[in-house]
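Biologist: Could you take me through the ligand site and the pockets here? I'd like the reasoning behind each label.

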Amino acid sequence: MQLKNDLFLRACRKEPVERTPVWIMRQAGRYLPEYRAVREKVDFLTLCKTPELAAEVTIQPVDIIDVDAAIIFSDILVIPEAMGMKLEMHEGKGPIFHNPIRNENDANALNEIDPFKDLYYVLDAVALTKKELNGRVPLIGFSGSPWTLLTYMVEGRGSKNFSHVKKLIYNNPRLAHKVLDKLADAIALYLSAKIEAGADAVQIFDTWGGILSQNDFEEFSLRYIEIIISNIKRKNEPVIVFPKGVHYKLKKLSKCGADVIGLDWTMNIGRVRKRIGERVALQGNLDPTVLYAGEEKIKEKAVGILNSFGEGSGHIFNLGHGILPDVDPEKAKALVRFVKEESKRFHHRDTEAQRD
Ligand code: CP3
């Protein structure tokens, strides 16, 4: 089906746009009263596994916040769950695996997955959301990176020092690589299946890439992201990689096969563009806590990022990490409005080129 608004996809491919597209990481979530109303009826995993409800909350931010892309409602941890790990999502405490991966036996017990069988509910949600969106905006599919999934699978829960997963990579790197390999295979199949089901683009979240030293990042994270991207079956659906906290490998990251690199808020988007903007588009990177400020400040900070990126296509506006649950939705709406209004002047040449 023809998309009515394909600004997001054009910006990912650095094609001319009339204005900068904008969406928000974790845009379907608890800061929206409409999301909380659905969550009152069902627990988090039931929501992920009920395509009608997943489609409903996926579309909420498109209706309410007016973003230029939808991201399918799910979680990165459905993959370890499909591989046989028992996942609990605790109110306040976050995700918990009671039997984390700590040795060879634990690793051997992980199943290979067939996404069409083991994660059919996500694919059904993608297909249904695509139908209900009716071409309004593109739909993004996503996955965690192998490294970020490994941290949760080995720690068993969120962590401060990541002691268990660090012990694993230093004391038994062979085992770490074995699990990362399995994850890379599973993720490539999963993202290909999401594209087949209708996703217009996919994003790989490497939320914990930045806890690794430079060489370890290459060995335990980047290498597997590259394998995934080269194995994804796609036509021209863009791949976005979001490596949080990874300042030091931008050049290498720009060559990993991704079309877009997502930046966290600690980076200077203008400077990053000078280094790698020839090769890839950039996504980001407003500090999520700016949405605690008043509207004038939000506008000033958003314009600061647009200015820093400068003229022309290749920028998808976003936060530098997920929106926080205690943000007022009115602030998110205002941000989207500011980006749409203020970004037009950075695309005059593109628009003229299109007219010629
Ligand atoms: O972006 C979207 O709107 C799509 C939905 C989405 C969720 N999780 C829903 C969710 C996406 C893209 C994710 C990705 C995800 N999940 C990541 C990577 C992105 C990032 O923010 O770093 C990570 C690390 C996870 C793992 C995870 N899931 C954690 C640590 C938690 C608990 C912390 C928290 O934010 O509450 C979750 C739960 C979760 N995933 C919620 C939502 C809306 C909150 C659960 C609820 O509704 O009770």
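Modeller: Here is how the labels follow from the numbers.

Modeller: This is a predicted model, where local features need pLDDT of at least 70, side-chain atom pairs count only at pLDDT 80 or more, and totals for chains, interfaces and linings use all residues. Residues are numbered from 1 along each chain as its sequence is written, and side-chain values use heavy atoms, with hydrogens and water left out.

Biologist: What makes the link between histidine 321 and the ligand a polar contact?

Modeller: A polar contact is a pair of N or O atoms within 3.5 Å. A side-chain N or O atom of histidine 321 is 2.7 Å from a ligand oxygen, so the pair qualifies.

Biologist: Why does glutamine 27 count too?

Modeller: Its backbone N or O atom lies 3.2 Å from an oxygen atom of the ligand, so that pair also falls within 3.5 Å.

Biologist: How much of the ligand does the protein bury?

Modeller: Alone, the ligand exposes 870 Å², and the protein buries 88% of that (Shrake-Rupley method, 1.4 Å probe).

Biologist: What classes of residue make up the shell around the ligand?

Modeller: That shell has 12 nonpolar, 5 polar and 4 charged residues, with Asp, Glu, Lys and Arg counting as charged.

Biologist: Which space does the ligand take?

Modeller: The ligand takes the largest pocket, which has a volume of about 1200 Å³. Among the 39 residues lining that pocket, Arg26, Arg30, Phe44, Asp75 and Pro95 are the closest to its centre.

Methods:
Polar contact = N/O pair within 3.5 Å; in protein donor to acceptor, adjacent residues only side chain to side chain. 1 Å grid on protein atoms, 1.4 Å probe; cavity = no way out; pocket = protein on both sides within 12 Å on 5 of 7 lines; lining within 4 Å. Sits in = over half its atoms within 2 Å of the grid points. Points joined across faces, edges and corners; volume = space filled by probe spheres on them.
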